[in-house]
Amino acid sequence: MKKFDLHNDPKIETGFKIPEHYFENLEDRIMNQLPEPEVKVISLWQRKSVWISGIAAVLVIALGTWFYYNQQANALTVSSQEYLAYSSDLSTEDIAYHLTDEDITTIEKDLGLYDSESETYVNEYLN
């Protein structure tokens, strides 16, 4: 194989030639071929309306949720007397669970179940 010297040997022509001032005019030619860009104008009010709508939606959801859970909490809060009045199948444990000592003493006084003789009998013979 023959040694090849780039500096001293004659150069081989590639067969391709670039026209004069090709790269100097290239940018102008490309820009002329591009279509004119469309300018979109977005109103500031349109952007504000999106934000205002979003904030209003969040407020409506928050208030609706608060009212719903508040109503549910009120519906679930039933007094012991209402529970006992409307429950048909109550066990003694259920009644004892819902009545406090104060409720029991009030019921005893209202019904008059224990008079002084009954109390003395219970204290003497059952204790």
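How many of the 12 residues of α1 count as buried? The count is zero, and α1 is hardly covered. The legends below describe a predicted model.

**Figure 1. Overview of the protein chain and its helices.** The predicted model shows a protein chain with six helices and zero strands. Read from the N terminus, the order of its elements is α-α-α-α-α-α. Of the 127 residues in the chain, 0% count as buried. The accessible area of the protein chain is about 13,300 Å², of which carbon and sulfur atoms supply 59%.

**Figure 2. Confidence along the protein chain.** The mean pLDDT of the protein chain is 78, and 82% of its residues reach 70 or more. Among the elements, helix α1 (residues 22-33) has the highest mean pLDDT, at 87. The lowest mean, 65, belongs to helix α3, which covers residues 80-86.

**Figure 3. Helix α1 and the segment before it.** The end C-alpha atoms of α1 are 16 Å apart. This agrees with the expected span of 16 Å, because the helix has 12 residues and the expectation is set at 1.5 Å a residue. None of these 12 residues is buried. In the segment before α1 lies His21. Although His21 is not a glycine, its phi is positive, at about 60 degrees. Most residues other than glycine have a negative phi.

**Figure 4. The aromatic pair of Tyr22 and Phe23.** The model contains three aromatic pairs. One of them joins Tyr22 and Phe23, with ring centres 5.2 Å apart. The angle between the two planes is 85 degrees; the pair is therefore edge-to-face, since that class begins over 60 degrees. Tyr22 has a relative accessible area of 33% and so counts as partly exposed, a class that lies between 20% and 50%. Phe23, by contrast, has a relative accessible area of 59%, which makes this residue exposed.

**Figure 5. A nonpolar surface patch that includes Tyr125.** Four residues, Tyr121, Val122, Tyr125 and Leu126, form a nonpolar patch on the surface. Together they have about 460 Å² of accessible area. Tyr125 is located in helix α6, which comprises residues 116-125. The relative accessibility of Tyr125 is 58%, so this residue counts as exposed, the cut-off being over 50%. In an α-helix, residues three or four places apart point the same way, because there are 3.6 residues a turn.

Key. Residues are numbered from 1 along each chain as its sequence is written. This is a predicted model: local features need pLDDT of at least 70, side-chain atom pairs count only at pLDDT 80 or more; totals for chains, interfaces and linings use all residues. Side-chain values use heavy atoms; hydrogens and water are left out. Patches are made of residues with over 30% relative accessible area and no salt bridge: like charges are joined within 9 Å, nonpolar side chains (Val, Leu, Ile, Met, Phe, Trp, Tyr) within 5 Å. Accessible areas come from the Shrake-Rupley method with a 1.4 Å probe; for residues, only the protein chains shown count as cover. A salt bridge is a side-chain nitrogen of Lys or Arg within 4 Å of a carboxyl oxygen of Asp or Glu. Helices (H or I, at least four residues) and strands (E, at least two) are DSSP runs, numbered from the N terminus. Buried means under 20% relative accessible area, exposed over 50%, partly exposed in between (1.4 Å probe, protein chains only). Rings of Phe, Tyr and Trp (its six-membered ring) pair if their centres lie within 6.5 Å; planes under 30 degrees apart count as stacked, over 60 as edge-to-face and the rest as tilted. pLDDT is the predictor's confidence in each residue, from 0 to 100. The expected span of a helix is 1.5 Å times one less than its number of residues.
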